[in-house]
2 protein chains.
Amino acid sequence: MAEADYGQRLARARAAITQAGLDGLLITSQFNRRYLTGFTAHDGDFTESSGWVLVTPQTFGLVAGTFQLSGVEDEIVPSSVQVLSTDKAQPWSVVASAIKADGTKRLGFEKDWISYDRYSRVARELGGDAELIPADDLVELVRAVKDEAEIATMRRAADIADDAFEQLLEEIRVGMTEREIATLLERHMVELGASGTSFPTIVACGPGGAQPHAVPTDRPVRPGEPLLIDFGCVVDGYCSDTTRTFCIGEPDPKLVELYDIVRRAQDAGFKALQDGVRRGRDVDAASREVITAAGYGEQYFHSLGHGIGLAIHELPVTARLRVQTPEADAEMARIEQLEPNSVISNEPGIYIPGWGGVRLEDMVLVTADGYEIMTVRNPEHVRSIAG
Amino acid sequence: MAEADYGQRLARARAAITQAGLDGLLITSQFNRRYLTGFTAHDGDFTESSGWVLVTPQTFGLVAGTFQLSGVEDEIVPSSVQVLSTDKAQPWSVVASAIKADGTKRLGFEKDWISYDRYSRVARELGGDAELIPADDLVELVRAVKDEAEIATMRRAADIADDAFEQLLEEIRVGMTEREIATLLERHMVELGASGTSFPTIVACGPGGAQPHAVPTDRPVRPGEPLLIDFGCVVDGYCSDTTRTFCIGEPDPKLVELYDIVRRAQDAGFKALQDGVRRGRDVDAASREVITAAGYGEQYFHSLGHGIGLAIHELPVTARLRVQTPEADAEMARIEQLEPNSVISNEPGIYIPGWGGVRLEDMVLVTADGYEIMTVRNPEHVRSIAG
């Protein structure tokens with residue numbers, strides 16, 4: 001299997017840093033950290049970082065302590081990142097010392113991935129020695145184009161999710177609760193080799209499906225109603241993301257109607273990719289048009305898709321401009337380009353309060369001349385299982 | 001069962017805001033949002049917020065969109081929070097409009113819980129109409145003292161974790177892998193009524209236990225070696241946190257020795273609480289002294305404990321000053337006071353690279369005149385199970 005080429009990743013990141021007119025970059029995103037260094041630590045929440053990464057022409061350093069690295073020192077060997085220890089000093093002091101030693105003058109920082117507090121501590125420590133400059137998605141845009149090792153890993157994640165779902169279908173019965181179904185599916189993914197779920201599994205039957213981020217409840221599933229399952233697993237740090245809507249027994253006529261619309265909307269997204277459309281908003285628009293024309297535009301209030309990788313939501317985005325301003329337009333333009341070897345989701349949906357929801361989501365690898373669906377695609381007509 | 005008293009929570013938060021010399025507070029922590037409004041949405045990562053909360057003398061608003069609230073509108077009814085919709089405007093514009101309408105002049109913001117980017121957008125929108133002032137842990141310190149409803153919920157979470165662990169002990173056998181054990185334990189917690197885990201379960205046998213945040217692997221457990229399990233569940237949003245170290249069959253003599261030291265260290269922490277010590281660093285020191293005296297001070301490189309609640313790590317902290325500066329001292333002093341109805345962990349440990357780790361953790365409710373252990377306490381001598 002392909003190994004991660006950390007040298008190439010770092011080279012691409014350094015090129016992006018130079019391109020942005022910066023001398024270096026302070027990396028605080030845990031996903032960018034893992035991508036560049038191989039360090040698998042997981043940050044529980046935003047206030048708890050297992051380490052930062054500092055990249056300058058002279059330095060490629062992991063700013064972390066013995067506590068964080070204990071027992072996993074081997075993880076960072078392939079990337080050759082140097083440890084800048086925080087055992088005896090706060091991370092902002094360690095960064096400032098390295099920057100002063102390197103003579104870096106224009107240090108970028110990840111403005112979406114650092115708290116105001118951490119930002120101000122770094123800025124204070126740097127004093128007048130270097131300028132701290134907000135940077136936008138530099139490493140994220142590198143990550144938006146997957147390398148061979150990443151695509152291979154993501155194929156495994158997509159396959160595990162597919163296989164786990166097929167196992168689940170053998171077991172679902174009328175009367176099982178959303179929570180029971182979610183637990184079963186998650187267990188199968190782990191048994192098949194995933195390290196865990198890529199986000200909290202959504203299992204929503206009937207009206208619950210109208211809530212796009214439904215949390216599984218103790219409501220039992222009933223025949224004919226829509227059963228929406230949005231799930232993903234993690235394999236070697238990489239996420240999968242799939243949504244299926246189906247039913248037990250004879251489907252409610254409304255389910256047949258809405259499924260058909262959503263399936264055609266998903267198809268329109270694929271067709272746009274096949275036709276060479278590579279701007280996220282245009283793919284979103286091509287798909288959305290089908291739902292709008294069917295009269296359900298107001299019942300589809302999310303984006304068509306998002307990039308998938310180390311993070312469950314990453315670049316590129318495949319979304320409409322929700323708020324139309326020149327600033328929002330420019331921001332979107334920067335992050336919506338679908339390059340060959342981008343991995344995105346295609347997931348239109350319709351949500352009817354009191355009735356439920358239909359969402360169909362597959363993972364897509366963008367290729368030079370089209371696309372490839374990484375998951376086993378949602379079927380053309382709503383699937384009905386015995387149970 | 002006690003219901004959450006949202007009126008009291010808001011009143012305590014408003015008092016803290018006034019106390020800090022502010023007119024209002026922009027709340028971006030998802031935990032503070034849930035605490036004050038009842039809105040259970042979960043933010044996947046720092047760049048994905050399901051909503052902010054704005055508190056001024058005139059306003060108690062949830063800054064969120066239809067998408068976020070769809071299907072869960074009932075959750076916020078008990079708190080009477082008003083929705084400030086982001087359907088037609090960006091959240092920073094919505095906040096600025098509300099602030100201008102209220103005439104708020106000194107608006108605090110949660111400096112640890114907002115990205116530099118979001119901060120600068122809010123600041124830009126506010127223009128000269130209001131001053132944006134970094135605030136420290138205002139709602140976190142309110143949350144650090146639990147109310148009756150919270151304590152009842154946390155008892156349920158602790159009980160579920162205890163019961164799930166006892167079920168697990170019936171099933172563990174030599175040769176089972178860390179991942180299998182983790183999956184079993186997580187399943188039991190969910191079957192017993194938890195909504196999920198409060199953090200990724202740690203199951204580390206033998207050398208893996210030397211890594212404080214070990215990720216379960218496919219290594220099978222062997223007789224006599226330390227088996228360290230750090231686990232927690234979530235019940236109605238509240239976390240539990242427990243660590244057990246035990247073994248299958250006859251314990252390795254080193255395990256007996258280290259267990260005894262760590263157990264005495266944990267005891268010393270409890271005794272300090274019983275003696276009325278209420279400054280986190282002093283409780284940490286009382287416990288740490290036992291491990292240092294036994295010659296393992298260098299092998300214990302984390303804090304004694306942390307607060308537990310809606311977040312798995314919250315206030316108050318029970319830690320040493322790792323880097324000794326007047327600034328760090330002042331910061332610690334602000335967040336280490338153990339008040340009656342604080343819930344903290346007591347979790348000393350010793351980690352020997354190549355051999356493994358011993359950590360013993362129980363959840364503790366601080367009371368007016370001592371403490372109460374919420375979990376079934378780790379036994380006095382290392383537990384050995386058949387298997």
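**Entry 1. Salt bridges**

I take a salt bridge to be a side-chain nitrogen of Lys or Arg within 4 Å of a carboxyl oxygen of Asp or Glu. The structure I examined is a predicted model. Applying the rule over all chains, I obtained a count of 62 salt bridges. I then looked up one pair, B:Glu327 with A:Arg124, and found the closest N and O atoms 2.9 Å apart. I noted the place of each partner: B:Glu327 belongs to helix α11 (residues 326-335) of chain B and A:Arg124 to helix α5 of chain A, so this pair joins two chains.

I next asked how many salt bridges there are between chain A and chain B. The count is six. I recorded A:Asp117 and B:Lys111 as a further salt bridge, with 2.6 Å between the closest N and O atoms.

**Entry 2. Helices and residues at the interface**

I turned to the elements of chain A that touch chain B. The count of residue pairs in polar contact between the two chains is 22, both residues being at pLDDT 80 or more. On the side of chain A that touches chain B, I found that α5 (116-126), α8 (178-191) and α11 (326-335) of chain A each supply at least two residues. Which helix gives the most to this side? I found that α5(A) does, with six residues. I sorted the residues of this side by character and obtained 18 nonpolar, 14 polar and 14 charged.

**Entry 3. Extent of the interface**

I looked up the residues in contact: 46 of chain A meet 45 of chain B. The two chains bury about 4000 Å² between them, and 54% of this lies on carbon and sulfur atoms. I asked which three residues supply more than any other three of the area that chain A buries against chain B. They are A:Phe67, A:Tyr116 and A:Arg179, which together supply 17% of that area.

**Entry 4. Relation of the two copies**

I superposed chain A on chain B. A turn of 180° with a shift of 0.0 Å along the axis lays one on the other at an RMSD of 0.0 Å. I therefore entered the relation as that of a two-fold axis. The same surface serves both copies, as 98% of the contact residues of chain A recur in chain B.

**Entry 5. A sheet in chain B**

I traced an open sheet of three strands in chain B, with the order β7-β10-β11 and antiparallel pairing. Why is one side of β7 (196-197) and of β11 (238-239) left without a neighbour in the sheet? I found that these strands of chain B stand at the edges and have a single partner strand each, so one side of each remains without a neighbour. I counted two bridges joining β7(B) to strand β10 (residues 233-235) of chain B, the two strands running antiparallel. Within β10(B), I identified B:Cys233 as the bridge partner of B:Thr197.

**Entry 6. Backbone details**

I checked the peptide bonds and found a cis bond between A:Leu315 and A:Pro316, with omega about -5°. I placed A:Pro316 in strand β14 (residues 314-318) of chain A. In chain B, a cis peptide bond joins B:Leu315 and B:Pro316, with omega about 0°. B:Pro316 lies in strand β14 (residues 314-318) of chain B.

Finally, I recorded that A:Ser80 has a positive phi of about 60°, although it is not a glycine. I located A:Ser80 in the loop between α3 (66-69) and β4 (82-85) of chain A.

How values were computed
Residues are numbered from 1 along each chain as its sequence is written. Chains are lettered from A and ligands numbered from 1 in the order in which they are written. This is a predicted model: local features need pLDDT of at least 70, side-chain atom pairs count only at pLDDT 80 or more; totals for chains, interfaces and linings use all residues. Side-chain values use heavy atoms; hydrogens and water are left out. Contact means heavy atoms within 4.5 Å. Buried area is the accessible area (1.4 Å probe) that two parts lose on being put together, summed over both. A polar contact is a pair of N or O atoms within 3.5 Å; within protein, one must be able to donate a hydrogen and the other to accept it, and residues adjacent in sequence count only if both atoms are side-chain atoms. Helices (H or I, at least four residues) and strands (E, at least two) are DSSP runs, numbered from the N terminus. Ala, Val, Leu, Ile, Met, Phe, Trp, Tyr, Cys and Pro count as nonpolar, Asp, Glu, Lys and Arg as charged, and the others, Gly among them, as polar. Copies are superposed by least squares on the C-alpha atoms of residues with pLDDT of at least 70 in both. Two strands pair if DSSP finds at least two bridges between them.
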